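This briefing is meant for a reader who is meeting the structure for the first time. It moves from the ligand to the salt bridges and then to a few single residues.

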Amino acid sequence: MEPVRAVKGMNDVLPDECAQWQRVEAAFRRTAALYGFREVRTPYVEPTRLFVRTVGEGTDIVEKEMYSFRHHDEDLTLRPEGTAGAARAYVEHGVHNREPVTRWYYIGPMFRAERPQRGRYRQFYQLGAEIFGDPGPGCDAETIAMLVEYFRAIGVPDLEVLVNSIGSADTRPRFRDALLQFFEPKRGSLSEESQRRLAQNPLRILDSKDPRDVAACEGAPTIVEHLAEADKKHFEDLRRLLDALGVPHRVEPKLVRGLDYYTRTIFEIKGAKAKLGAGDTLVGGGRYDAMVEDLGGPSVPALGFAAGLERLVIAAEPPGAEAVVDAFVAPIGEASMAAALELARELRVRGVATSADTRGASLKALLRRANTQGARLVLILGEAEMARGVVMLRDLAGHAQEEVPREGAAAIVADRLAASGAIRRGEQP
Ligand code: HAM
């Protein structure tokens, strides 16, 4: 049979890489918990119309990138993003009745049939968060500040925070008219797609990467100039609060984001350009004050973001060589096998990640195996040690060796590892 390969743009993450994934995820969970977010898990499959309604009919995602299928008379789609599902769940479970402000976070796979390249895949993971019920710019500013803290914690260099406002329903028609007036005379120089979008949603033209559109956008009106009074105040307050929190940021008038649901604040954070190249947008987010009501819920404002996990894994500081275990039990000869397995069990009960050799080898070979697995301490159990009720404890880093009583060996090892201050495998989330 022809070898079966993974679907194009969908990746295996092997254990060597998983260590870095877990580190990046664990730091996100920690940061989210510090800010009062709780985890939510929504289905990977949703009714197609959920995304058509929220992400928007004229967007690249809905037009070209969704994995949609029909199953028993239902039109279904593998979720291309997490916000719509979170808002659907929020409405479906009447969460607003129970809490005035809801802060949710999620980690999980998303699916978009894009052209795969470095940092862009067809199944990719997002770390995201959504806040329902808080309309103020303080919420926007704190969320952006939280992301910057998180990126610093995992060691992402060269952060760049871009913000813009896309206004609310009061701003949009005015800006749309201004764009129409600007683009209509140059209709012929736009890409075919943008000519089509001119009537539907001229904002999308600003987001186009087609060189013809990029040239035509030169000198286009900016949204910020057209903001309605309340939208303008929201944006100014956001910027003032970001300054107060010490978050350097830049207003990017061309930032529009590729999803239709946004209102007022939108933002992106880039980083680690040297490692990521053009795909250096780590996170995108913004306010979507109309979505909950649009989905049949009450009028509840919302804001959120999502970060691409694969990009963060590349962007974050690489971890040190990974230890698979902290302790290694080395039985010398068959007679000590049972005692070795029992000792390994005692160590694990004390939270020490332990490997016991069950294949047998010379002491030299066993020490090599322990080293390969990153063990710091090796417990050697030969016939002589068994007879005297002791264990030989060897510190692989310090090259020291000593005898300890068999009875207290597990406690001694656990204490020693704890005292060394190193993060131990058994303690990792
Ligand atoms: P988005 O900008 O479409 O926003 O995606 C957010 C992040 O997901 C991107 O900045 C990127 O890091 C990552 N990403 C997107 N597509 C891919 C891909 N094909 N391969 C790898 N990574 C990718 C959203 O999804 C919104 N739901 C964000 C949001 C939440 N807005 C409000 N709440």
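A polar contact is a pair of N or O atoms within 3.5 Å. By that cut-off Leu282 makes such a contact with the ligand, because a backbone N or O atom of Leu282 lies 3.1 Å from an oxygen atom of the ligand. Taken alone the ligand exposes 660 Å², and the protein buries 96% of that area. The model shown here is predicted, and the points below are grouped by topic.

**The ligand and its surroundings**

- The ligand is surrounded by 26 residues, and the closest of them are Glu81, Thr83, Glu114, Glu130 and Tyr262.
- Two of the side chains just named approach nitrogen of the ligand: a polar side-chain atom of Glu81 lies 2.6 Å from a nitrogen atom of the ligand, and an N or O atom in the side chain of Thr83 is 2.8 Å from a nitrogen atom of the ligand.
- Sorted by class, the shell around the ligand holds 10 nonpolar, 9 polar and 7 charged residues.
- At least two residues of this shell come from each of the strands β6 (123-132), β10 (281-287) and β11 (302-308), and β10 gives the most, with 6 residues.

**Salt bridges between separate helices**

- A search of the whole structure finds 36 salt bridges, and one of them joins Lys64 to Glu193, with the closest N and O atoms 3.3 Å apart.
- Lys64 lies in helix α3 (residues 60-65) and Glu193 in helix α7 (residues 192-200), so this pair ties together parts that are 129 residues apart in sequence.
- Both partners count as partly exposed, Lys64 at 47% relative accessibility and Glu193 at 27%.
- The two residues also belong to a network of salt bridges that links Asp60, Glu63, Lys64, Glu193, Arg196 and Arg197.

**Salt bridges within one helix**

- Glu92 forms a salt bridge with Arg88, in which the closest N and O atoms are 2.9 Å apart; because the two residues are 4 residues apart in helix α4 (residues 83-92), about one helical turn separates them.
- The partners in this pair differ in their exposure, since Glu92 counts as exposed at 55% relative accessibility, whereas Arg88 counts as buried at 18%.
- The side chains of Asp237 and Arg240 meet in a salt bridge as well, with a distance of 3.3 Å from N to O.
- Asp237 and Arg240 are 3 residues apart in helix α9 (residues 229-244) and are therefore separated by about one helical turn, and Asp237 is buried, with a relative accessible area of 14%.

**A surface patch and a buried valine**

- Tyr44, Val45 and Phe69 make a nonpolar surface patch of about 250 Å².
- Within that patch, Val45 has its place in strand β2 (residues 45-47) and counts as partly exposed, at 33% relative accessibility.
- Val352, found in the loop between α13 (337-349) and β13 (354-356), is buried, with a relative accessible area of 1%.
- The C-alpha atoms of Val352 and Val325 are separated by 7.9 Å, although the two residues stand 27 residues apart along the chain.

Definitions and conventions. Residues are numbered from 1 along each chain as its sequence is written. This is a predicted model: local features need pLDDT of at least 70, side-chain atom pairs count only at pLDDT 80 or more; totals for chains, interfaces and linings use all residues. Side-chain values use heavy atoms; hydrogens and water are left out. Patches are made of residues with over 30% relative accessible area and no salt bridge: like charges are joined within 9 Å, nonpolar side chains (Val, Leu, Ile, Met, Phe, Trp, Tyr) within 5 Å. Accessible areas come from the Shrake-Rupley method with a 1.4 Å probe; for residues, only the protein chains shown count as cover. A salt bridge is a side-chain nitrogen of Lys or Arg within 4 Å of a carboxyl oxygen of Asp or Glu. Buried means under 20% relative accessible area, exposed over 50%, partly exposed in between (1.4 Å probe, protein chains only). A residue is near a molecule or strand if one of its heavy atoms lies within 4 Å of it. A polar contact is a pair of N or O atoms within 3.5 Å; within protein, one must be able to donate a hydrogen and the other to accept it, and residues adjacent in sequence count only if both atoms are side-chain atoms. Ala, Val, Leu, Ile, Met, Phe, Trp, Tyr, Cys and Pro count as nonpolar, Asp, Glu, Lys and Arg as charged, and the others, Gly among them, as polar.
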